[in-house]
Amino acid sequence: MQLESEQKNVVIVSGMSGSGKSTALKVFEDMGFFCVDGLPARMAPALIELFFNSSAKDYPGLAMGMDLRQPDFVGQWKEVLLDIQKFSVRPTVIFTDSSNQVLLRRYATTRRPHPLTSGNLGLEGALEREREILEPIRTQADLVIDTSHYSVHDLRRVIQDKWESLSSRSQGMRVHLISFGFKYGAPTEADNVTDLRFLPNPYFDEALRPMSGKDEAIANYVLGSNPGREYLRRLLEFLDFALPLYATEGRYRLTMAFGCTGGRHRSVAVTEAVLAHLRGQGFNVSVEHRHFSLG
């Protein structure tokens, strides 16, 4: 059975227990999606067929929450994705994650049991085991969202922003760019992290300090002359070479992070330059300035 092309808005939300999956699902509910949490993976194809045959016209899409609360979740994953493809649907997979330290603190606060804890396995061991089990799904996800430093309100805003970016672009490998400040911590979801602290720093110029990497004066200061100009040339040349190779290997997404000290000047200027170049080359790319307002 094939579904109408305009009715293929299907989202699967998964991730580490305690990392914000339920919050993510509630965001889609607030956006008008039909949402189901704790769905056994094997029921997903039947739910999709039922949804598009009866309720699709009433909702912008279907969002399903899946996790380790069901037996053999990962074992069913590949089979279920193949079954879903029979409907000519490629679901968007969102994976929420957090550092183990943050997850331990959240569990201590809520006092809820982890689904893998037992008489022989404590919470810390359960988190390590869950991370190992879910790694194949994390690798295939279209979007990985590290919620370690987000409040509930921050997470809602980030999910809405990233979903709008995803849904407005075509299928294919998605490149997500992150600028950040090392003093606030590097993004754990990044596939590649680049340290830009060798570039000239506008922070030490009092006239430039209040500005950001989005301002032309900062971009010129960082990238208008060497070493910044030559670095950017070589970086873009490398990306033009490497990104098609990633896509050929069947990657769903690639997250690249560029960091400076505070995440406001150099990292933002370089990330904006890369964003403009990749969009000009036709890549499916989104951007996040993680510490822009903190630097």
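**Exercise 1. List the residues that L243 touches, leaving out those up to four places away in sequence.**

Solution.
- Step 1: Beyond that sequence window, L243 touches M173, V175, L254, M256, L278 and F283. The model is a predicted one.
- Step 2: Place the residue. L243 is part of helix α8.
- Step 3: Test for burial. L243 has a relative accessible area of 1%. The cut-off for buried is under 20%, so L243 is buried.
- Step 4: Check a distant partner. L82 is 161 residues from L243 along the chain, and their C-alpha atoms are 26 Å apart.

**Exercise 2. Is F241 buried or exposed?**

Solution.
- Step 1: Find the element. F241 sits in helix α8, residues 228–248.
- Step 2: Read the accessibility. F241 has 57% relative accessibility. Exposed means over 50%, so F241 is exposed.
- Step 3: Look at the surface around it. F241 joins F238 and L245 in a nonpolar surface patch of about 340 Å².
- Step 4: Set two residues of the helix side by side. F241 is exposed, whereas L243 is buried.

**Exercise 3. Which peptide bond is cis, and in which loop is P227 found?**

Solution.
- Step 1: The bond between N226 and P227 is cis, with omega at about 10 degrees.
- Step 2: P227 belongs to the loop that runs between α7 (216–223) and α8.

**Exercise 4. Describe the surroundings of H176.**

Solution.
- Step 1: H176 is in strand β6, residues 174–181.
- Step 2: Its relative accessible area is 7%, so H176 counts as buried.
- Step 3: Take the polar partner. The side chains of H176 and S286 make a polar contact at 2.7 Å.
- Step 4: Take the contacts. Not counting residues up to four places away in sequence, H176 touches K162, L254, T255, M256, S286, V287 and E288.
- Step 5: Link back to Exercise 1. L254 and M256 are also among the residues touched by L243.

**Exercise 5. Which members of the largest nonpolar core touch the most other members?**

Solution.
- Step 1: This core has 31 residues; I12, I48, M64, M66, F73 and W77 touch the most other members.
- Step 2: Map it onto elements. Two or more residues each come from β1 (10–15), α2 (44–54), β3 (62–65), α3 (73–85), β4 (92–97), α4 (100–110) and α5 (123–140).
- Step 3: Separate the other core. Another core, of 26 residues, lies apart from this one and includes L199, V274, L275 and V285.
- Step 4: Zoom in on one member. Setting aside neighbours within four places in sequence, M66 contacts I12, V13, S14, G15, K21, L39, A41, A44, F73 and W77.

How values were computed. Residues are numbered from 1 along each chain as its sequence is written. This is a predicted model: local features need pLDDT of at least 70, side-chain atom pairs count only at pLDDT 80 or more; totals for chains, interfaces and linings use all residues. Side-chain values use heavy atoms; hydrogens and water are left out. A nonpolar core is a set of buried Ala, Val, Leu, Ile, Met, Phe, Trp, Tyr and Cys residues joined through side-chain atoms within 4.5 Å. Buried means under 20% relative accessible area, exposed over 50%, partly exposed in between (1.4 Å probe, protein chains only). Helices (H or I, at least four residues) and strands (E, at least two) are DSSP runs, numbered from the N terminus. Contact means heavy atoms within 4.5 Å. Patches are made of residues with over 30% relative accessible area and no salt bridge: like charges are joined within 9 Å, nonpolar side chains (Val, Leu, Ile, Met, Phe, Trp, Tyr) within 5 Å. Accessible areas come from the Shrake-Rupley method with a 1.4 Å probe; for residues, only the protein chains shown count as cover. A salt bridge is a side-chain nitrogen of Lys or Arg within 4 Å of a carboxyl oxygen of Asp or Glu. A polar contact is a pair of N or O atoms within 3.5 Å; within protein, one must be able to donate a hydrogen and the other to accept it, and residues adjacent in sequence count only if both atoms are side-chain atoms.
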